[in-house]
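Please open the model in a viewer and keep the sequence panel visible. The stops below are meant to be followed in order.

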Amino acid sequence: MSRLRSAITASLVSAAILLAAVAGCNFQPGQQSSQQRKAPMTLFIGVDASGSFKHQGYDNALTFLAHYIYGHLHELGGLAKPQALFVASIGGKKPGEPKSFHPIHDFEGKDIEQISTELRTWFPPSDTVTDFNSFFQEVARIAKERNLILAPITLMVVTDGIPDVPTPGAKAGSRTLYEQIDLNPLEYLARSITLRLTYVSPKVGEQWRKHVPRQRVRLWTVDTEVMKGWKDQMQPGVDTAHQDRFWKWVQDNVDFRVRSAKL
């Protein structure tokens with residue numbers, strides 16, 4: 001009986017070794033296991049195409065954005081690939097103006113330079129108003145119509161963060177303008193929703209954190225001086241896929257995981 005048990009045990013060990021060897025042969029370098037892969041998410045990107053942002057960081061922002069989109073589409077440096085991606089302007093010639101949301105298909109199969117060219121073609125810095133509320137409403141509409149509400153939703157906006165919609169009795173940059181930013185369309189849109197504002201000044205970031213009403217929306221702001229330093233993370237002579245320092249910088253500074261809605 002003991003010999004039989006020993007034979008069975010040896011057979012099981014051999015089978016386990018064989019299975020491990022087969023799995024190792026099928027796994028390719030650079031692949032992520034199902035446990036390592038990040039959960040699917042939907043990514044909405046807003047571009048501040050107002051004349052005021054043109055002088056504050058527009059060119060730097062669109063060049064970064066081309067890298068950001070490319071990195072997410074190709075899961076570089078561990079970035080999550082979105083199940084859906086939409087890019088639109090957060091401004092217009094007048095408040096409430098309809099916007100074109102460019103889908104993921106407009107970016108697939110293109111390199112960084114091509115994406116950068118497309119962004120500049122679609123979003124020239126000629127808008128006269130920055131209308132955050134209209135952008136948020138459109139995001140909510142698209143998410144509901146396309147049934148994207150089951151997965152986490154992230155909004156990443158390149159902007160100076162200053163609302164620029166004519167409001168009777170409110171001075172430019174006043175607290176009143178921030179209090180009238182309406183995040184209600186986003187509040188219960190998905191089980192997890194994060195709003196990331198990049199290229200804002202420290203003062204504007206504080207205005208958003210303190211005076212924009214919100215409950216469940218997680219807010220993360222990155223100062224313009226921090227954002228402008230992204231090029232310093234690029235290593236000369238290294239191809240995009242292996243710019244490990246840059247992709248880590250993106251994860252640590254832009255895609256930082258915000259755990260609390262009130263931060």
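The tour goes from the whole chain to one helix, two loop residues and a pocket.

**The whole chain**

Begin with the entire chain, bearing in mind that this is a predicted model. The chain holds 10 helices and 8 strands. Of its 263 residues, 45% are buried. Contacts between residues at least 6 apart in sequence can be displayed next: 78% of them join residues at least 24 apart.

**Colouring by confidence**

Colour the chain by pLDDT. The average is 85, and 81% of the residues score at least 70. Then select residues 12-36, where the pLDDT is below 50. Beyond near neighbours in sequence, this stretch makes 7 contacts in the model. Where pLDDT is low, the predicted coordinates should not be read in detail.

**Helix 3**

Select residues 58-73, which form helix 3. Does the rest of the structure leave this helix open or enclosed? Helix 3 is largely enclosed, because 15 of its 16 residues are buried. A distance check between its end C-alpha atoms gives 22 Å. That value agrees with the expected span of 22 Å, which follows from 1.5 Å a residue over the 16 residues of helix 3.

**Glu-75**

Move just past the end of helix 3 to Glu-75, whose phi is positive at about 55 degrees. Glu-75 is a residue other than glycine with a positive phi. The loop that contains Glu-75 runs between helix 3 and strand 2, the latter spanning residues 84-89. Glu-75 has a relative accessibility of 29%, so it counts as partly exposed, the class between 20% and 50%.

**Asn-147**

Which loop holds Asn-147? Asn-147 is in the loop between helix 5 (132-145) and strand 6 (153-158). Its phi is near 55 degrees, again a positive value in a residue other than glycine. With a relative accessibility of 51%, Asn-147 counts as exposed, because that class begins over 50%.

**The second largest pocket**

For the last stop, select Ser-89, Gly-91, Trp-122, Phe-123 and Asp-127. Of the 15 residues that line the second largest pocket, these lie nearest its centre. What is the make-up of the lining by class? The lining has 5 nonpolar, 6 polar and 4 charged residues. The space in this second largest pocket amounts to about 200 Å³. Strand 2, met earlier as one boundary of the Glu-75 loop, covers residues 84-89, and Ser-89 is among the residues nearest the centre of this pocket.

Note on methods. Residues numbered from 1 in each chain as written. Predicted model: local features only at pLDDT ≥ 70, side-chain atom pairs only at ≥ 80, totals over all residues. Heavy atoms only, no water. 1 Å grid on protein atoms, 1.4 Å probe; cavity = no way out; pocket = protein on both sides within 12 Å on 5 of 7 lines; lining within 4 Å. Points joined across faces, edges and corners; volume = space filled by probe spheres on them. Nonpolar A, V, L, I, M, F, W, Y, C, P; charged D, E, K, R; others polar. Helix = DSSP H or I, 4+ residues; strand = E, 2+ residues; numbered from the N terminus. Buried < 20%, exposed > 50% of the residue type's maximum accessible area, 1.4 Å probe, protein only. Expected span 1.5 Å × (residues − 1). pLDDT = per-residue confidence, 0-100. Contact = heavy atoms within 4.5 Å.
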